[in-house]
Amino acid sequence: MTDTEPGAQHWPVVIVGGGPVGLTAALELAHHGVASLVVEPRVTVEHSRPRAKTTSARTMELYRRTGAADEIRRRAPIPVSWSDQIRFCTTATGHEITRLSGVLGLELMGSDLTSEGAQQVTQPIVEEALRALLEARPEVNTRFGSRAVEVDLAGVRPRVVIESADGSRSTVTCDYVVGADGSRSVVREALGAKYVGAVGGRPNVNITFRSRMLAELLKERPAIHHWVLNPEFPGVIGPLALDGTWWAIATGTESIANDEEAVALVRGLAGADVDVEVLATDPWQARMLLTDSYGSGRAYVAGDAAHQNPPWGGHGFNTGVGDAVNLAWKIAAVLNGWAPPPLLESYDDERRPVAQQTIDLAGKNMRALSIDLTSPELMVDGDAGQRARAAAAVAIEDVKRAEFYSLGLVLGYGYGPDAARQSPTAEDYTPIAAAGNRLPHSRNAAGESLFDLLGPEFTLLGRVSKSWREAAASRGIPLVIADPIAQGFTAVSDDELVLVRPDQHIAWVGSADVDPGTIFDSAVLGFRTSVAGPSITT
């Protein structure tokens, strides 16, 4: 930190917004040795509104690099081993219609496909884990209880006006400003960027509550979601912890007048007269929005400031983490002097298509909610009800698979025009060693992860001559060279070298006979695609 103008502190990076995306960006920058200032209005994290509840396998892989994956699992109140199932039922305590197992990447713990499995954990717990990690990082300064009220991009470097809780204001300058400040982003406003898209879907109300009786009634029916297909009370209910703390979504409900109405909705979803202590209610409506610019020059947006999508499938928060990692390693590379500023131009090109895929898939998932899947016949006892539920089970297993089995989107996206992408609706994931793709993962006989061989910056996998090391060194590019075969791993690509970026995506695959300087010069520019602008599916 230095002073560059009277009364203004200077930071390499100012991050506006200290939710999970902003905190991830700060942690990623610190991972690469770059200091940042995080400005966030909330002093403490509120648990009564849990928000996102699925941290995907891909996000956990990225978090593994910084120690966040272990910290999140340590704090998560529901262990991965407890359940990897989604249950569809007439009511939570009523007839079970069908179950989907191995959902949302929760079954990937110890898998050859990934270094990490997914984790069911609420957004507030993720935030607290990230805050705790940042406290131990000298590169990060946080101003919780303050907000950025103005971002000025007219000068050589951004100026950010910060207002403290007492109303006093101060100004800081920075080399780069990152807007992780949600739908009302002051950074996006300063950029002149606009959302494209619309509000979509039916109204919903979230309810957070405690009920020890419900926990006891469902003790023998563990599931991370109970999708309730009761025509009178359609929605979803699930545990936040194993101590009787729950969340629920009342689908199609516009608002809740009071706690008595919330209790009635919960009991309707539960199908029993259970004890209910209401902690919070939160009406919401899904949005499908994508900004027309992720930024340029010295200012960029990430997470909800860049895109918003329906929560069905659990991709929104995870897409934001991917933004934060992609942007932060590039800013760090430029500030650390081993990549040119044009590398940052690839951020928009690489991340916008991923956001578009996410919006499209979540929009499709939103067309088959509890309110769409229900019918009065499902609630009937006897043979007629059994037949209706059996038929519904077949339909549910078909229409809901894309929501809960989406590894094509989670692991299969790639960057650049030459990436061998999988369909985002693909249920299974087939690793492909191609430039732009996520590095195919494997484990050796000891169960160790290939990804743990990777260095913090670029990594070259394979047997190479010293010319490769010399070419990287002459350009100041930090490079780790590793031979997977010597460590007991299978070859990533037969008889070829694989250059891996800091975010575990492949920069290049090819023969050792090429000029290494040319490869490095291209790799530090990222992947560019022809992007005319966002095209939202509504």
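Before you start, one definition: a residue is called buried under 20% relative accessible area, exposed over 50%, and partly exposed in between. The structure above is a predicted model. Here are some exercises to work through with it open.

**Exercise 1. Classify both ends of a salt bridge**

Task: Take the salt bridge between Arg64 and Glu116 and decide for each residue whether it is buried, partly exposed or exposed.

Solution:
- Step 1. Find the pair: the side chains of Arg64 and Glu116 meet with N to O at 2.9 Å.
- Step 2. Place the two residues. Arg64 belongs to helix H2 (residues 57-64), while Glu116 sits in the loop between strand S6 (96-101) and strand S7 (119-120); the pair links parts of the chain 52 residues apart.
- Step 3. Apply the cut-offs. Arg64 has a relative accessible area of 27%, so Arg64 is partly exposed. Glu116 has 5%, so Glu116 is buried.
- Step 4. Look at the wider setting: Arg64 and Glu116 are joined with Arg73 and Asp452 in a network of salt bridges.

**Exercise 2. Two further salt bridges**

Task: Work out which parts of the chain are brought together by the Glu127 and Arg42 pair, then do likewise for Asp483 and Arg463.

Solution:
- Step 1. Between Glu127 and Arg42, the closest N and O atoms are 2.8 Å apart.
- Step 2. Glu127 is in helix H4 (residues 123-135) and Arg42 is in the loop between strand S3 (36-40) and strand S4 (54-55), so this salt bridge ties together parts 85 residues apart in sequence.
- Step 3. Check the accessibility. Glu127, at 3%, is buried, whereas Arg42, at 30%, is partly exposed.
- Step 4. Turn to Asp483 and Arg463, whose closest N and O atoms are 2.9 Å apart. Asp483 lies in the loop between strand S21 (479-482) and strand S22 (497-500), and Arg463 in the loop between strand S20 (458-461) and helix H14 (466-474), 20 residues apart.
- Step 5. Asp483 has 19% relative accessibility and counts as buried; Arg463, at 67%, counts as exposed.
- Step 6. For the whole model, the count is 29 salt bridges.

**Exercise 3. Explore the nonpolar cores**

Task: Describe the largest nonpolar core and find which helix gives the largest share of it.

Solution:
- Step 1. Recall a general tendency: in soluble globular proteins, nonpolar side chains tend to be buried together.
- Step 2. The largest core here has 95 residues, and those with the most contacts inside it are Val14, Tyr63, Phe88, Val103, Val160 and Phe404.
- Step 3. Helix H8 (residues 316-335) supplies the largest share of this core, with nine residues.
- Step 4. Another core, of 22 residues, lies apart from it; its members include Leu214, Ile237, Trp246 and Ala262.
- Step 5. Zoom in on Val103. Leaving aside residues up to four places away in sequence, Val103 touches Asp84, Gln85, Ile86, Ile224, Phe404 and Tyr405.

**Exercise 4. Inspect helix H8**

Task: Compare the span of H8 with the expected span, and explain why the helix can be called largely enclosed.

Solution:
- Step 1. H8 has 20 residues and reaches 29 Å from its first C-alpha to its last, close to the 28 Å expected at 1.5 Å a residue.
- Step 2. Of those 20 residues, 19 are buried, so H8 is largely enclosed by the rest of the structure.
- Step 3. Just after H8, look for Gly337, which takes a positive phi of about 90°.

**Exercise 5. Trace the surroundings of two buried residues**

Task: For Arg58 and Gly303, find what each one touches, not counting residues up to four places away in sequence.

Solution:
- Step 1. Arg58 is in helix H2 and, with a relative accessible area of 5%, is buried.
- Step 2. The Arg58 side chain makes polar contacts with the side chains of Glu61 at 3.0 Å and Gln504 at 2.6 Å.
- Step 3. Arg58 touches Val410, Leu411, Tyr413, Arg438, Asp503, Gln504 and His505.
- Step 4. Gly303 is in the loop between strand S18 (299-301) and strand S19 (307-308), and is buried at 1%.
- Step 5. Gly303 touches Val21, Gly320 and Asp323.
- Step 6. The C-alpha atoms of Gly303 and Gly182 are 7.0 Å apart, although 121 residues separate the two along the chain.

Note on methods: Residues are numbered from 1 along each chain as its sequence is written. This is a predicted model: local features need pLDDT of at least 70, side-chain atom pairs count only at pLDDT 80 or more; totals for chains, interfaces and linings use all residues. Side-chain values use heavy atoms; hydrogens and water are left out. A nonpolar core is a set of buried Ala, Val, Leu, Ile, Met, Phe, Trp, Tyr and Cys residues joined through side-chain atoms within 4.5 Å. Buried means under 20% relative accessible area, exposed over 50%, partly exposed in between (1.4 Å probe, protein chains only). Helices (H or I, at least four residues) and strands (E, at least two) are DSSP runs, numbered from the N terminus. Contact means heavy atoms within 4.5 Å. The expected span of a helix is 1.5 Å times one less than its number of residues. A salt bridge is a side-chain nitrogen of Lys or Arg within 4 Å of a carboxyl oxygen of Asp or Glu. A polar contact is a pair of N or O atoms within 3.5 Å; within protein, one must be able to donate a hydrogen and the other to accept it, and residues adjacent in sequence count only if both atoms are side-chain atoms.
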